[in-house]
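Visitor: Please give me a close look at the nonpolar core of this protein, and at what surrounds it. I am new to this, so plain steps would help.

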Amino acid sequence: MAGKTHAHPTRFELGRNFFLLMVFMGITVFVAYFPVHAFSGPWNSFINNVIAMGIAVIKACLVIWFFMGVKYSSNLTKMYVVLGFGTFLLMFLSFIDYGTRRYEPVRGWEKQTPTALQRVRDNTPIENTGLGDPTP
């Protein structure tokens, strides 16, 4: 164990990354207050959101890579970090897909109010409990 030390980022790297994070924050604020006029209507805010999300991803990667120490970790740790955030991204996209779908009722899955009477559809008993005549 002697001679094996844990690597740390240098002060120069920390200062450089802090400066980069501040620059990206300034760009994010600039994009938020000055919309891109390449498109008109709802596409204008969509383009601003895409730019802001891209900058946020870059900032998150900088924080993970340098401040969380993934850069100085083993390849196994790097693989787990990539797999973890990939799984998170897949879950995020799945929830977006689920949340934007239209509600489509399925026949037979409707919520039914509880009743003491037998349920009958087309004079055919659905639940035959043997407690009485199934005809309404």
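Guide: Let's begin with one word that we will need often: two residues are in contact when heavy atoms of theirs lie within 4.5 Å. Please also keep in mind that what you see is a predicted model.

First, a quick overview to find our way. The protein chain has three helices and two strands, and from the N terminus on they run α-α-α-β-β. Of its 136 residues, 9% count as buried. Among the contacts between residues at least 6 apart in sequence, 41% join residues at least 24 apart.

Now to the part you asked about. The largest nonpolar core has five residues: Leu21, Phe24, Ile55, Leu62 and Phe66. Helix 1 (11-33) and helix 2 each give two or more residues to this core, and the largest share, three residues, comes from helix 2. As background, nonpolar side chains tend to be buried together in soluble globular proteins.

Let's visit Leu62, which sits in helix 2. Because its relative accessibility is 13%, and buried means under 20%, Leu62 counts as buried. If we leave out residues up to four places away in sequence, Leu62 touches Asn17, Leu20, Leu21, Phe24 and Phe67. Two of these names, Leu21 and Phe24, are core members you have already met. There is also a distance to find on the model: Leu62 and Phe18 are 44 residues apart in sequence, and their C-alpha atoms are 9.3 Å apart in space.

Ile55 is another member of the core. Setting aside its neighbours within four places in sequence, we find Ile55 in contact with Phe24, Ile27 and Thr28. Phe24 therefore appears in the contact lists of both Leu62 and Ile55, given that contact means heavy atoms within 4.5 Å.

Next comes Phe66, also in helix 2. With 11% relative accessibility, Phe66 counts as buried. Beyond the residues up to four places away in sequence, Phe66 touches Pro9, Arg16, Asn17, Lys71 and Tyr72. Its C-alpha atom is separated from that of Glu13 by 8.2 Å, although the two residues are 53 apart along the chain.

Asn17 has now turned up twice, touching Leu62 and touching Phe66, which makes it a good next stop. Asn17 lies in helix 1 and counts as buried, at 1% relative accessibility. Apart from its neighbours within four places in sequence, Asn17 is in contact with Leu62, Phe66 and Phe67.

Let's stay in helix 1, where Glu13 is found. Glu13 is buried, with a relative accessible area of 15%. Not counting residues up to four places away in sequence, Glu13 touches Lys71 and Tyr72, and both of those also appear among the residues that Phe66 touches. With Lys71 there is a salt bridge: the side chains of Glu13 and Lys71 meet at 3.1 Å, N to O. This pair links distant parts of the chain, with Glu13 in helix 1 and Lys71 in the loop between helix 2 and helix 3, 58 residues apart. Lys71 is partly exposed, with a relative accessible area of 29%. In general, side chains of opposite charge can pair when their charged atoms come close.

How many salt bridges are there? The count comes to two. The other pair is Asp97 and Arg101, whose side chains meet at 3.0 Å, N to O. Here Asp97 is partly exposed at 36% relative accessible area, while Arg101 is exposed at 59%.

Before we finish, look at the largest pocket, which holds about 580 Å³ of space. Of the 17 residues that line it, the closest to its centre are Val57, Ala60, Phe85, Phe88 and Leu89. Helix 2 (42-67) and helix 3 (75-100) each supply at least two residues of the lining. The largest share, nine residues, comes from helix 3. By class, this lining has 15 nonpolar residues, one polar and one charged.

To retrace the route, start at the five-residue core, step from Leu62 to Asn17, go from Asn17 to Phe66, and then follow Phe66 to Lys71, which meets Glu13 in a salt bridge.

Conventions:
Residues numbered from 1 in each chain as written. Predicted model: local features only at pLDDT ≥ 70, side-chain atom pairs only at ≥ 80, totals over all residues. Heavy atoms only, no water. 1 Å grid on protein atoms, 1.4 Å probe; cavity = no way out; pocket = protein on both sides within 12 Å on 5 of 7 lines; lining within 4 Å. Points joined across faces, edges and corners; volume = space filled by probe spheres on them. Helix = DSSP H or I, 4+ residues; strand = E, 2+ residues; numbered from the N terminus. Nonpolar A, V, L, I, M, F, W, Y, C, P; charged D, E, K, R; others polar. Core = buried A, V, L, I, M, F, W, Y, C linked by side-chain atoms within 4.5 Å. Buried < 20%, exposed > 50% of the residue type's maximum accessible area, 1.4 Å probe, protein only. Salt bridge = Lys/Arg side-chain N within 4 Å of Asp/Glu carboxyl O.
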